[in-house]
Amino acid sequence: MTQKTILIKPYSAYERERQPAENAELTHVEKGSPMGEYLRRFWQPVALSTELGELPKAVRMFGEDLVLFRAKNGKPGLLEKHCSHRGTSLEFGICEDEGLRCCYHGWLFGVDGTILETPGDPPDSQLRFNVCHGAYPLHEYRGIIFGYFGPPQEKPEFPLFDTYAIDDDRLVPYCLTYPCNWLQVHENVMDPAHAVFLHTRISFTQFAEAWGELPDMDFVPTPAGMIYVTTRRWKDKVWVRSNDIILPNLAQVGHIWEDGQDDKCFARVAITRWTTPIDNQTCRIIGWRHFHPDADPRGIADEAQCGVESVDFFGQNGARPYEDRQRMPGDYDAQVSQRPIAVHALENLTRCDRGVAMLRQLLRRESNKVAQGGKPSVSPLRTDGATPTYAHDTVISAPPREDDAAFIREVGKTITGIVVRGEHHEAADRDRQVRARIEDYAQSLAGTTV
Ligand code: FES
Ligand SMILES: [Fe+2]
């Protein structure tokens, strides 16, 4: 009997073959694994600055046990967890002016892992010059502590993106821990169909009624990764929304409660977030919620709810009672319950999943490139010194046409063409130029008839 015959037969659970293994190439992140080595070539968020007080903090990254601390001179350090003397965990160490002192015999480690003192030895001991403790470099930026975990000679510049400079924006750091593999959480950003079902039709309207309208969906490569393009008819408006993936594991998401009611042009993001592996079966979303008028026209957002294991929109952690989560599941419930590591060989991908498939393809291509000794792709473009990104919401007035499905598809394609392609992407006033071109296009539609 072929596997296909079993799959289409009712009551066939007993006859299933044993569960296939997960896709290790894309999901596993240990040192030496293709994806682990690829992800390590980029600055990765480790913790919020507010998580690091006067005491050291035990953390895990890519399956490695580490200790994060802040020396009294203000510099953060990230050391291998176990002391180079006899292995005591440095989470029990004491933060001093220049570093972290092990509680057991007082060895003092600098933020870069150099051994500054071995106080039990004679003053002329050379031991500290012959041993170095493992450490990773850190960079603290706007309330998030980032680390670089790859080969030192490949360390990139700390990247700056255009969305760090949105007018009147406040970047509020937040983090959420998910007890599952990093990829299933990250690829959710390229799954716009779940917004229709999980977030709107299945239990209740979690964000806005317009999300329940099945959009035209497209997936477009960018110099930095890819975007999805969803284009919806909503009353007399056409709403185009794109989320960004910036390879490998950075994502940007538009306005959370966007309802498609009011015209807007290239309104920028509400979230910039990394999904970073703690190990193969745990990951952490760390990033910023953006608070600016474009991302919250109705005043729903709540900065006070954003922080450690908390964010101001529905369904992002497992803190609710189990039965509430069953009745009104959110992103956390849908993604974590895909198994500790989602098994790709058991999936039946559909047309809706083209974004997920494309993201996996890009990640595979890039991790293979690194495994073969190449450099990972990054966008070469700069706008005012920052890398241009593409996530946006645009809503234009355009009443329904005779062949409305074809019309809205054309609107989505044209606006995406303006946003993603074009020589203006390296211009200092790129956002203004994009908005001017979209506005011209919207005007041209207002003058056309069917
Ligand atoms: S085990 Fe750390 S100083 Fe001895
Ligand atoms: Fe979602």
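Q: In this predicted model, is Asp-263 buried, partly exposed or exposed?
A: The relative accessible area of Asp-263 comes to 45%. Buried would need a value under 20%, and exposed a value over 50%. Because 45% falls in between, Asp-263 is partly exposed.

Q: Which residue does Asp-263 meet in a salt bridge?
A: Let's follow the side chain of Asp-263, which comes to 2.8 Å from its partner, N to O. Asp-263 sits in the loop between β17 (250-253) and β18, while the partner belongs to strand β15 (residues 237-242), so the pair ties together parts that are 26 residues apart in sequence. At 13% relative accessibility the partner counts as buried. That partner is Lys-237.

Q: Which residue pairs with Glu-258 in a salt bridge, and are the two buried or exposed?
A: The N to O distance in this salt bridge is 2.6 Å. The partner of Glu-258 is Lys-264. As for accessibility, Glu-258 and Lys-264 are both buried.

Q: Why does the salt bridge of Glu-309 and Arg-284 tie together parts that are apart in sequence?
A: The two side chains meet at 3.5 Å, N to O. Glu-309 lies in the loop between β20 (282-291) and α7 (322-327), whereas Arg-284 is in strand β20, so the parts they join are 25 residues apart in sequence.

Q: Which of Glu-309 and Arg-284 is buried?
A: Glu-309 has a relative accessible area of 31%, so this residue is partly exposed. The other partner has 10% relative accessibility, which is under the 20% cut-off for buried. The buried residue is therefore Arg-284.

Q: Which residues are linked with Arg-284 and Glu-309 in a network of salt bridges?
A: Arg-284 and Glu-309 meet in a salt bridge of their own. The network links them with two further residues, namely Glu-51 and Lys-57.

Q: How far apart in space are Ala-267 and Arg-284?
A: Ala-267 lies in strand β18 (residues 264-267), and Arg-284 is in strand β20. In sequence, 17 residues separate Ala-267 and Arg-284. In space, C-alpha to C-alpha, the distance is 27 Å.

Q: What does Ala-267 touch, not counting residues up to four places away in sequence?
A: Ala-267 is buried, with a relative accessible area of 4%. Leaving aside those sequence neighbours, Ala-267 touches Asp-294, Ala-391, His-392 and Asp-393.

Q: Why is helix α6 described as largely enclosed?
A: Helix α6 spans residues 193-201, and among its buried residues are His-194, Leu-198 and His-199. The cover over them includes β13 (216-221), β14 (225-234) and α8 (331-336). The helix is largely enclosed by the rest of the structure because the buried residues number seven of the nine.

Q: How many salt bridges are there between domain 1 and domain 2?
A: The domain assignment gives domain 1 (43-154) and domain 2 (162-445). Between them they bury about 1,500 Å², 60% of it on carbon and sulfur atoms. Asp-279 and Arg-60 meet in a salt bridge at 3.2 Å, N to O. The count between the two domains is three salt bridges.

Q: Which strand gives the most to the side of domain 1 that touches domain 2?
A: There are ten residue pairs in polar contact between the domains. On the domain 1 side, β1 (44-48), β2 (57-61) and β11 (144-147) each supply at least two residues. With five residues, the strand that gives the most is β1.

Methods: Residues numbered from 1 in each chain as written. Chains lettered and ligands numbered in written order. Predicted model: local features only at pLDDT ≥ 70, side-chain atom pairs only at ≥ 80, totals over all residues. Heavy atoms only, no water. Domains from an automatic or database assignment. Buried area = accessible area lost by both parts, 1.4 Å probe. Salt bridge = Lys/Arg side-chain N within 4 Å of Asp/Glu carboxyl O. Polar contact = N/O pair within 3.5 Å; in protein donor to acceptor, adjacent residues only side chain to side chain. Helix = DSSP H or I, 4+ residues; strand = E, 2+ residues; numbered from the N terminus. Buried < 20%, exposed > 50% of the residue type's maximum accessible area, 1.4 Å probe, protein only. Contact = heavy atoms within 4.5 Å.
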